[in-house]
Amino acid sequence: MDPEAVRKHSALHAKPDGLVLQYGTAGFRTKAERLDHVMFRMGLLAVLRSKQTKSTIGVMVTASHNPEEDNGVKLVDPLGEMLAPSWEEHATCLANAEERDVWRVLMDISEKAAVNLQQEAFVVIGRDTRPSSERLSQSVIDGVTVLGGQFHDYGLLTTPQLHYMVYCRNSSGRYGEATIDGYYQKLSTAFVELTKQAFCGGNEYRSLKVDCANGVGALKLREMEPYFSQGLSVQLFNDGTKGKLNHLCGADFVKSHQRPPQGMEMKSNERCCSFDGDADRIVYYYSDADGHFHLIDGDKIATLISSFLKELLVEIGESLNIGVVQTAYANGSSTRYLEEVMKVPVYCTKTGVKHLHHKAQEFDVGVYFEANGHGTVLFSKAAEMKIKQLAKELEDKKRKAAQMLANVIDLFNQAAGDAISDMLVIEAVLALKGLTVQEWDALYTDLPNRQLKVKVADRQVISTTDAERQAVTPPGLQEAINDLVKKYKLSRAFVRPSGTEDVVRVYAEADSQESADSLAHEVSLAVFQLAGGVGE
Ligand code: 16G
Ligand code: MG
């Protein structure tokens, strides 16, 4: 570690004057042209984190569902998890340091976090298909090498694939092989095993239309298809050959506009799904015979999967506990269905995968999904061992259930929510249960809802509690919301400062679309008046 070399290289990745960025919900995110210094510095930081944990650390260059001109970066911790909160602070500090202070901040972090600087470091890097991503990942590599770290550049990967690689490398191959082929093999083998049961019953050949948001998911799904094609055929749309990344397509567009992506040829009653730009989100949908669009979001995905898992757990007769984790955005109907019909305990956390992931780890089987389609199922190590043991020991029906659960464990990317894993699990569950997309959708009816954003001078004047469902400040805001909510039936509303954009988000649901729209509008006005609204 040579301070002069760091200074010299850092100057080649100079920070624009006055630019202040925050390590947000999912890393740094802004216009790509402002990120060169952040990338270099995250390369530096990844080396320190690797030394401290004596493990491989991941760096992913992506801005997910955001416009093509944006970019972003996040670090992946040893078990494939999001960066620990104390290191998010170090990341923010380092990203905002003035040029002359970079070395000092590095030494500060090393001291605070008790990093042994003599330790070796290894960093793996992945990136999405944005035009800026290749150059920015080179800046990460520059940061890694100038601090003496070793690295492996995987090039194009989905975000969950990078999480998988990190996890594999730190569990010395027990979780899987840290190659793209290893990923395809692991998931596909489990999928084909699992669906065998469905197809021996003469189930029809399955096919699915996938909108890939013109992102990296298209490349990876196309590469992967031959591995699982005996169980499922996928037809890709928005595969990046023509359209712009995330433009009028992808999971975020479909969820927030509640309409089909451009470029998708939908026939009535056909099962379709959308990934986001880095393939860590998925939503399903179809259009009925009358041309009405039906969205099947993360809440309904969680419901389908947890009911399937619960049945298998009952079948094997072991007392493994299952819990479902949602956020305040979960549709009220989904929560009611899970608690009252399915009788599974439901928990609510703050928005952001890391919060849900953390809570889900408390259960033997923790199902977590955000309504926007981020999610997975986590099995505790103990539950995994037990289930895999039972799959060998039990007899007949019980054994079959345990084997199916074992396949599900291998099929879910336990390191992170993964659109490809989720898609394969959903397809397997639908095939095994013999459910059509309409029958799945009919499990419960979503309450009409509306999301709006409000611009305010400083969104941090809004603080929340109770998993973001109650506003603590500014004074009077929660009382105003309570009064508005009382005017409608089956209604609920909350506001929270966005973790990724400079806006306040408003959510409302009620018994009709008109009511949800008008409640959302009224709550927005209250935010505008009480929290320092700006502009229109
Ligand atoms: C990020 C989060 C996502 C969350 C969203 C909320 C990850 C990987 N992604 O995209 O989980 O739903 O932010 O955005 O954690 P908001 O704070 O702007 O509403
Ligand atoms: Mg994403």
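This report describes the ligand sites, the annotated segments and one buried cysteine of a predicted model.

**Ligand 1**

The shell around ligand 1 comprises 17 residues, and the closest are Glu370, Ser498, Gly499, Thr500 and Arg505. By character, the shell residues divide into three nonpolar, nine polar and five charged. Oxygen atoms of ligand 1 take part in the polar contacts tabulated below.

| Residue | Protein atom | Distance to an oxygen atom of ligand 1 |
|---|---|---|
| Arg496 | N or O atom in the side chain | 2.7 Å |
| Ser498 | N or O atom in the side chain | 2.5 Å |
| Gly499 | polar backbone atom | 2.6 Å |

Of the 450 Å² of accessible area that ligand 1 has on its own, the protein covers 94%. Ser498 and Gly499 thus appear both among the closest residues of the shell and in the table, where Ser498 contributes a side-chain atom and Gly499 a backbone atom.

**Magnesium ion**

Ligand 2 is a magnesium ion, and its protein donors are Ser64 (OG), Asp276 (OD), Asp278 (OD) and Asp280 (OD). These donor atoms lie 2.0 to 2.2 Å from the ion. Along the chain, the donors follow the spacing S-x211-D-x1-D-x1-D. Are the donors Asp276 and Asp278 buried or exposed? Asp276 counts as buried because its relative accessibility is 0%, below the 20% limit for that class. Asp278, at 1% relative accessibility, likewise counts as buried.

**Annotated segments**

For "domain: Alpha-D-phosphohexomutase alpha/beta/alpha", an unreviewed UniProt entry lists residues 51-90 and 118-167. Residues 51-90 are 22% helix and 32% strand in the model, with end C-alpha atoms 15 Å apart. In residues 118-167 the corresponding values are 46% helix and 26% strand, and the end C-alpha atoms are separated by 24 Å.

The unreviewed UniProt entry also places the feature "coiled-coil region" at residues 380-411. In the model, this segment is 91% helix and 0% strand, and its end C-alpha atoms are 15 Å apart.

**Cys168**

Helix α6, which spans residues 159-170, contains Cys168. Why does Cys168 count as buried? The assignment follows from a relative accessible area of 2%, given that buried means under 20%. Cys168 and His90 are 78 residues apart along the chain, and their C-alpha atoms are separated by 26 Å.

Terms used:
Residues numbered from 1 in each chain as written. Chains lettered and ligands numbered in written order. Predicted model: local features only at pLDDT ≥ 70, side-chain atom pairs only at ≥ 80, totals over all residues. Heavy atoms only, no water. Near = heavy atom within 4 Å. Polar contact = N/O pair within 3.5 Å; in protein donor to acceptor, adjacent residues only side chain to side chain. Areas by Shrake-Rupley, 256 points an atom, 1.4 Å probe, with all protein chains shown as cover. Nonpolar A, V, L, I, M, F, W, Y, C, P; charged D, E, K, R; others polar. Donors = N, O, S within 2.8 Å, 3.2 Å for Na, K, Ca; no water. Buried < 20%, exposed > 50% of the residue type's maximum accessible area, 1.4 Å probe, protein only. UniProt positions renumbered as here; feature names shortened; annotations may be inferred. Helix = DSSP H or I, 4+ residues; strand = E, 2+ residues; numbered from the N terminus.
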